[in-house]
Amino acid sequence: MEKNIYDIEIKEELGVEYSKESSIFKIWSPFADNVYLNFYKYGEGDSFINRYELEKNDDGLWRVLVEGDLEGIYYTYTICHAQSTNEVVDIYAKALGLNGERGMIVDLSKTNPEGFYECKPQPFKRINDAVIYEVHIRDFSICETSGMENKGKFLALTKEGTKNIFGDSTGIDHIKQLGITHVHLLPIFDYATVNEAEYKFDEYNWGYDPKNYNTPEGSYATNSNDGYVRIKEFKELVMALHKNNIRVVMDVVYNHTYMTENSFFNHTVPDYYYRKRDGKFTNGSGCGNETASEHLMMRKFILDSVKYWAKEYMIDGFRFDLMGLHDIETMNLICDELEKIDEDIIVYGEGWVGGDSALPYETRAVRDNCDKTPKIAYFNDIFRDVVKGNVFNFSDKGYANGGGYLEESVKLSVLGCVENTLIDYSKTQRRPFAKSPKQVINYIEAHDNLTLWDKLYYSCPHSDERTREDMDKLAASIVFLSQGIPFIQAGQEFLRSKPSSTQRDKYEENSYNLSDFTNSIKWTKKSKYKNIFNYYKGLIELRKNHILFRLDNAQEIDKKITFLNDLPPFVVGYKLRDENEEIVVIFNPSNEDISIEGDFKGYKVYVNKYYAGNKSIFEINEEKIFVQDLSAYVLIKG
Ligand code: CA
């Protein structure tokens, strides 16, 4: 080969181009001496049919055209390098056999539920109009309390009308009731660690262990032997959500693969797809390797894959795991390409890395480089830690659970950590990072770390449950009333907990491979903590109905928000104002009821310690308000 491998960029589509008459197979493997295509009757076992030899061009692209209708045949490639010969799955495979060990040739036009591409959610324009809800497919339905059918599967999320034993809605109806706009699914592409064949009751994983990127995970399908089923059933899930005006975000994990030396990528083009230093794989993911998005064919792979999910599966958003391991140029290209497909697609991610990465800091898509990725939103870990305390120190407290002098940091969080002229930074060590509220995902609970409820337990061991409920509601108020994009984990709205299965009064944080006992959502809690659920629902409703909570840019923040002065210790208050209305928000994290004097007469109350919603509960008729301990208070005049 004459060219430098790092200059090669194959423009045409890779993978299988299927038609009834013939299929074309293309794979890029520039160092191989020979490449063979193997056909099998089944996705596993001894069912070999025959094999074809591929032909190579100058850029290392191998191809073969096979006559006839190959639908339903399973396939692999045998790639012969001087050092070794390996049988691999096509990294572009669009369908898979059991456990992702063979690709499958399918007619994708047969996988669409009726009306799939016509069934679109209502138009959506601004990312900060979103309310994001993080769901793990199995967690969401597997508990016997869910009242859902097809527990643990994609199909569980397709059925309307499901209820728990107390008659409260579960599943898709619950999501609708809460007012969520985007369901963010933990990995649903094919991952490695759950055996799809003998699916044991206790086999579980979050799915951050990628095996094949362009096909849904088999253990979430009712039948993982037939490659068609997982595709059809995942599309049914997407369509059911779309029909209910709920959008679907995929959690994508292109930053590493489960296997390293023996991954399909590495056997196809040895060493090319990963970063290395001194001849060794670098481990920026903390999972043994990191992919090299700056290498043109890896960049192409990520772009092709994301575009494929957006078009074929109508995916509405992508959450990039360890996005700091991807280079800024690749991330910006992804946004540009997705915008061409559908300008409503949202992109956000974790603006950090998981280990010592070989990617130069200035080229990483990390939080502090976010000025170079204007279309991408970043998880706001400053907000998270200010509101509930440091996630790595269980006993550490934040603003909502007795953390003390955090007023200036809370002001920064309320502004979504967007650069502004409103805050005196001499009083806080924390600094804004975002240029715009559209770049910030505000959250206090996600699959990583303790749930909020468990964090409150560990950080406030001497408080009673009622007090912790109040802390929870106060913390949630800060999430939904702040500038930026609110994000919650499924079940957070009724005090989700992850109890240890082995020890009493112990709660799990890194539960990625633990049992359903720990991870499942217990749906009877929705009825037990109806007050909490209603409070979250009310906050979402309020946020959606007032544009002032969803300001467009930093200039608007400077213009439309003012902080209240001379408040009692620990209390933060601010006013939002436009030509139509004025909103006053007060957070009182102290144990004392307080009164505040001011020009409040004529305002109506929409949020207090017990209620949140878009209907006011009473009107203020004096120049003074009373805010109870550990609570949020919202007044609106307009
Ligand atoms: Ca799998």
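Begin the tour by selecting Glu196, which counts as buried at 5% relative accessibility. The model in the viewer is a predicted one.

**Stop 1: the calcium ion**

Extend the selection from Glu196 to the calcium ion and its other protein donors. The ion is held by Asp190 (OD), Tyr191 (O), Glu196 (OE) and Glu217 (OE), at distances of 2.3 to 2.4 Å. Along the chain these donor residues follow the spacing D-Y-x4-E-x20-E. Glu196 belongs to the loop between strand S12 (189–191) and strand S13 (210–216), while Glu217 belongs to the loop between S13 and helix H3 (227–243), so the pair ties together parts that are 21 residues apart in sequence. Glu217 is also buried, and its relative accessible area is 0%.

**Stop 2: the barrel**

Next, display strands S10, S11, S14, S17, S18, S19, S20 and S21. These 8 strands close into a barrel in the order S10-S11-S14-S17-S18-S19-S20-S21, with parallel pairing. From one strand to the next, the twist averages 30°.

For a detail of this barrel, select S20 (440–443) together with strand S21 (residues 485–489), its parallel partner over 3 bridges. Tyr443 is found opposite Phe487 in S21.

Now add helix H3, the element that bounds the loop of Glu217. H3 lies across strand S11 (182–185) and strand S14 (247–252), and it runs at about 135° to S14.

**Stop 3: Val248**

Within strand S14, pick Val248. Is this residue buried or exposed? Val248 is buried, with 0% relative accessible area. Apart from neighbours within four places in sequence, the residues in contact with Val248 are Val183, Leu185, Val238, Leu241, His242, Ile315, Asp316 and Gly317. As a distance reference, draw a line from the C-alpha atom of Val248 to that of Ile620: the two residues are 372 residues apart along the chain, and the separation is 41 Å.

**Stop 4: two helix pairs**

Select helix H5 (residues 296–312) and helix H6 (residues 328–341), which pack at about 25° with their axes 10 Å apart. That angle makes H5 roughly parallel to H6, since angles under 35 degrees are classed in this way. The crossing of the two helices is right-handed. On the H5 side, the residues to show are Arg299, Ile302, Leu303, Val306, Lys307, Ala310 and Lys311; these meet Glu329, Thr330, Leu333, Ile334, Glu337, Leu338 and Ile341 in H6.

Then move to H2 (171–178) and helix H13 (residues 530–545), whose axes come within 8 Å and cross at roughly 55°. H2 and H13 are therefore oblique to each other. In this pair, His174, Gln177 and Leu178 of H2 meet Phe533, Tyr536, Lys537 and Ile540 of H13.

**Stop 5: helix H8 and the residues after it**

Select H8 (407–414). How many of the residues of H8 are buried? The count is 8 of its 8 residues, so that H8 is mostly covered. The buried set consists of Glu407, Glu408, Ser409, Val410, Lys411, Leu412, Ser413 and Val414. Their cover includes helix H7 (381–388), strand S22 (561–563), strand S23 (572–577) and strand S24 (582–588).

Follow the backbone onward. Gly416, just after H8, adopts a positive phi of about 70°. Cys417 has a positive phi of about 55° although it is not a glycine. Cys417 sits in the loop between H8 and strand S20, and it counts as buried at 0% relative accessibility.

**Stop 6: Asn150**

Asn150 likewise merits inspection of its backbone: its phi is positive, about 50°, although it is not a glycine. Asn150 is located in the loop between helix H1 (137–141) and helix H2. Its relative accessibility is 34%, and it counts as partly exposed.

**Stop 7: strand S26**

End at strand S26 (residues 604–607), which runs antiparallel to strand S27 (residues 618–619) and is joined to it by 2 bridges. S26 also pairs with strand S29 (residues 631–637), again in the antiparallel sense, over 3 bridges. Which residue in S27 is the bridge partner of Lys604? That partner is Glu619. In S29, the residue opposite Lys604 is Ile636.

Notes: Residues numbered from 1 in each chain as written. Predicted model: local features only at pLDDT ≥ 70, side-chain atom pairs only at ≥ 80, totals over all residues. Heavy atoms only, no water. Donors = N, O, S within 2.8 Å, 3.2 Å for Na, K, Ca; no water. Helix = DSSP H or I, 4+ residues; strand = E, 2+ residues; numbered from the N terminus. Buried < 20%, exposed > 50% of the residue type's maximum accessible area, 1.4 Å probe, protein only. Contact = heavy atoms within 4.5 Å. Pairing = 2+ DSSP bridges. Axes fitted to C-alpha atoms, helices over the stretch in contact; angles between N-to-C directions. Parallel < 35°, antiparallel > 145°, perpendicular 65-115°, else oblique. Left-handed = near helix turned anticlockwise from the far one by under 90°.
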